[in-house]
Amino acid sequence: MWKQRYLLLMSVPFLIWLVIFKYIPLWGWTMAFQEVKPATFSKPFFEREFVGFQNFAKAFGDRLFNQTMINTLGISLIGLVVGTALSILFALFLNELVFNRFKKITQTVSYLPHFVSWVIIASIAKNFLNDGGVVDTMLGTRLHLMSTNSALIWVVIVLIEAWKETGWNAIIYLSAIAGIDQGLYEAAKVDGAGRFQRMWHITLPGIKPTVVVLLIMSIGSVLSVGMERQMLLSNALVQDHTMVLSWFAYTRGIGNNNYGLGTAIGMFQSLVGVVLLLIANKFASLIGESKLI
């Protein structure tokens, strides 16, 4: 420890940040077991009404909870599969480009949507995909992509997010590819392997540990889908299939001034996420793949 004292000293600010912003706020989970409304904020902790698991019972018994869970899992799992596949394919494509100038331009352009607000992205998407929008005008028919009360809206949301985030998510895969021994590619060329064979037998196995770790982390956050994109891309016709748990917690918690209920839903998301993370990590270790912890 003395030899690494400077590295340990550099980690102190991060540890302080971690405690202040990640561990201390866990005290707020106590609201999940209390009746917490704006009128009770001024009361000391022990003077608030303790309701046990009543907030959890209200959340699980809500008429929207089951459909919200289905929406959350559907959007998350489809997004996980599509997002991961497109990011890996895009990284492989960029890695195989021979012209460095074109490669850098493509890479830069692909990153740009990540930095654009969801408000702007949603506005662009609605102009293109709403009934009578650009896509309908070009095709001369009504596809009803943004107005059909079905799970089709999940695919629309996932594809829009994939367009926004694929370039950014590919960065880590490109970094993993850059760490592969170039001697393996040279040896494969000598043996007569083509580009596709080199990708299949060298590049993909080389980034496999990175893919597994990222998948484990993504599975852990499968219920923590942000509500911004759903709210902005939704309308009254498709809201039944776009409301996710985060949006549900906002509506039932802050919207109804019942912060205990909102906290209970958020706590449920976090606990399920931890369980899924541990299960995915254990499964990866059982099949001999890289694991997170």
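**Entry 1: the second largest pocket**

I began with the second largest pocket and noted that its lining is made up of N95, E96, I177, Q182, Y185, E186, K189, R195 and R198. The elements that give two or more residues to this lining are α3, α8 (182-190) and α9, and I wrote down that α8 gives the most, with four residues. I should keep in mind that I am reading a predicted model. When I sorted the lining of the second largest pocket by class, I found two nonpolar, two polar and five charged residues. For its volume I recorded about 240 Å³.

**Entry 2: the largest pocket**

I then turned to the largest pocket, where I noted a volume of about 790 Å³. Which elements give two or more residues to the lining of this largest pocket? I found α3, α7 (152-178), α9 (195-220) and α10 (228-233), and the largest share, ten residues, comes from α7. The lining has 30 residues, and those nearest the centre of the pocket are G79, L80, E161, N169 and S218. By class I listed 15 nonpolar, eleven polar and four charged residues for the lining of the largest pocket.

**Entry 3: S87**

Next I looked up S87, which I located in helix α3 (residues 65-96). Is S87 buried or exposed? I put S87 down as buried, because its relative accessibility is 1% and the cut-off for buried is under 20%. Leaving out residues up to four places away in sequence, I found that S87 touches T166, N169, A170 and Y173. One of these partners, Y173, is 86 residues from S87 along the chain, and yet I read a separation of 7.8 Å between the C-alpha atoms of the two. I also followed the side chain of S87 and saw that it reaches the backbone oxygen of G83 at 2.8 Å.

**Entry 4: N55**

My last residue was N55, which I placed in helix α2 (residues 54-61). I entered N55 as buried too, because its relative accessible area is 0%. Which residues does N55 touch, not counting those up to four places away in sequence? I listed M31, A32, F33 and Q34, together with N258, G260, L261 and A264. With A32 I could add a detail, since the side chain of N55 reaches the backbone oxygen of A32 at 3.0 Å.

**Entry 5: looking back**

Reading my notes again, I see that N169 appears twice, once among the residues nearest the centre of the largest pocket and once among the residues that S87 touches. Helix α3, in which S87 is found, also gives two or more residues to the lining of the largest pocket.

Note on methods
Residues are numbered from 1 along each chain as its sequence is written. This is a predicted model: local features need pLDDT of at least 70, side-chain atom pairs count only at pLDDT 80 or more; totals for chains, interfaces and linings use all residues. Side-chain values use heavy atoms; hydrogens and water are left out. Buried means under 20% relative accessible area, exposed over 50%, partly exposed in between (1.4 Å probe, protein chains only). Contact means heavy atoms within 4.5 Å. A polar contact is a pair of N or O atoms within 3.5 Å; within protein, one must be able to donate a hydrogen and the other to accept it, and residues adjacent in sequence count only if both atoms are side-chain atoms. On a 1 Å grid over the protein atoms alone, a cavity is a set of points where a 1.4 Å probe fits but cannot get out, and a pocket is an open set with protein on both sides within 12 Å along at least five of seven lines; lining residues have an atom within 4 Å of a point. Grid points are joined across faces, edges and corners, and a volume is the space filled by probe spheres set on the points. Ala, Val, Leu, Ile, Met, Phe, Trp, Tyr, Cys and Pro count as nonpolar, Asp, Glu, Lys and Arg as charged, and the others, Gly among them, as polar.
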